[in-house]
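Subject: Structure for your review

Dear colleague,

Please find below the structure that I am handing over to you. I would be grateful if you could read the notes after it with the coordinates open beside them.

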Amino acid sequence: LACVPLSTSAFDWSSVFDTINPSVVKVLNIGTPYVCSAFSIHQELGYFLTAAHCIKSERIILRKEAFQGGQQLPITIAVRRVALKDEDLDIAVLEAVAGLPSVQRGKSPRLGQEIASVGYAFRENTPYILAGIVSNYGEENLRLGLRPRPVIVRDFQDIGGMSGGPLVNIKGHVVGIVQQGLPTADIAWSTTIEVVHKRTKTYWE
């Protein structure tokens, strides 16, 4: 699949996209127009990580576009169940009937380091990649009644449909998950990979 870049970064993210793209899927909530993204964390057991707010239906399928003989062919993977859903951290684990190559887990980047988010923006069949820098670290809680969570604050905004996708460093290692942002301020935040892994470590490869 081709990379669709939206970035002012001087770094060439094409090789990073090639590394992470095989693990990223589109999340379709059957019976609703709601679309998100997810990424594989255990190929053999079919576990995918996404954002909790992406779960909008009792029936969910995963979609991946592949090319064969010059034609674009959709691969559809049924989801057996939602294995974990944590609304406080805004993370969820989906157990699917088949897996894809697992991502490689990194560690939280330092302030000023370049990072990128990957996901299916605008309901497109090809993932987008958006890049910027780590602006700060802090706590976020815009959802009334839920406890704050430690997050990476970044200087670029995601596009609808990218929620649940991976936040990666320049090595293509996952350092967070795409979740929420503040469009009026052009910033967004992601729960750190350390917090995500601590909550979901039994599902990782």
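The notes that follow go through salt bridges, a lysine without one, aromatic rings, and two individual residues.

Please bear in mind throughout that this is a predicted model.

**Salt bridges**

The structure contains 4 salt bridges. Among them is the pair of Glu95 and Arg80, whose closest N and O atoms are 3.7 Å apart. This pair links distant parts of the chain, since Glu95 belongs to strand 7 (residues 91-96) and Arg80 to strand 6 (residues 71-86), 15 residues apart. The two partners differ in their surroundings: Glu95 is buried, with a relative accessible area of 14%, whereas Arg80 is exposed, at 55%.

Glu95 also forms a salt bridge with Arg81, and here the closest N and O atoms are 2.4 Å apart. Again distant parts of the chain are linked, with Glu95 in strand 7 and Arg81 in strand 6, 14 residues apart. Arg81 is partly exposed, with a relative accessible area of 42%. Arg80, Arg81 and Glu95 are thus linked in a network of salt bridges.

A further salt bridge joins Arg199 to Asp86, with 2.8 Å between the closest N and O atoms. Arg199 is in helix 2 and Asp86 in strand 6, so that this pair links distant parts of the chain, 113 residues apart. Arg199 counts as partly exposed at 37% relative accessibility, while Asp86, at 8%, counts as buried.

**A buried lysine**

Which charged residue is buried yet has no salt bridge? The residue is Lys64, which is found in strand 5 (residues 60-68). The nearest side chain of opposite charge to Lys64 is that of Glu65, 9.4 Å away. A salt bridge requires the nitrogen and the carboxyl oxygen to be within 4 Å, and the 9.4 Å to Glu65 therefore does not qualify. The side chain of Lys64 does have a polar contact, of 3.5 Å, with the side chain of Tyr120.

**Aromatic rings**

How many aromatic pairs does a search of the whole structure find? The search finds 2. In one of them, the ring centres of Phe11 and Trp13 are 4.9 Å apart and the planes stand at 80 degrees, so the pair is edge-to-face. Phe11 is partly exposed, with a relative accessible area of 28%, whereas Trp13 counts as buried at 6% relative accessibility.

The rings of Tyr47 and Tyr203 also form an edge-to-face pair, because their planes are at 80 degrees, with the centres 5.0 Å apart. Tyr47 lies in strand 4 (residues 47-50) and Tyr203 in the segment after helix 2 (193-200), so this pair ties together parts that are 156 residues apart in sequence. Both Tyr47 and Tyr203 are buried.

Two positively charged side chains are also placed over rings. The charged end of Lys56 sits over the ring of Tyr34, at 5.1 Å from the ring centre. Arg105 lies over the face of Trp204, and the distance to the ring centre is 5.8 Å.

**Val27**

Val27 lies in strand 2 (residues 24-29) and counts as buried, with 0% relative accessibility. Where contacts are concerned, and leaving aside neighbours within four places in sequence, Val27 touches Tyr34, Val35, Cys36, Ser37, Ala38, Thr50, Ile60, Ile61 and Leu62. Val27 and Arg63 are 36 residues apart in sequence, and their C-alpha atoms are 6.6 Å apart in space.

**Asp90**

Asp90 is found in the loop between strand 6 and strand 7. The phi angle of Asp90 is near 55 degrees, which is a positive value in a residue other than glycine. Is Asp90 buried or exposed? At 2% relative accessibility, Asp90 counts as buried.

**Points to look at**

When you open the model, I would suggest beginning with the network of Arg80, Arg81 and Glu95. Lys64, buried and without a salt bridge, could come next, followed by the pair of Tyr47 and Tyr203.

Yours sincerely,

A colleague

Key:
Residues numbered from 1 in each chain as written. Predicted model: local features only at pLDDT ≥ 70, side-chain atom pairs only at ≥ 80, totals over all residues. Heavy atoms only, no water. Helix = DSSP H or I, 4+ residues; strand = E, 2+ residues; numbered from the N terminus. Buried < 20%, exposed > 50% of the residue type's maximum accessible area, 1.4 Å probe, protein only. Polar contact = N/O pair within 3.5 Å; in protein donor to acceptor, adjacent residues only side chain to side chain. Phe/Tyr/Trp six-rings, centres within 6.5 Å; stacked < 30°, edge-to-face > 60°. Lys NZ or Arg CZ within 6 Å of the ring centre and 35° of its normal. Contact = heavy atoms within 4.5 Å.
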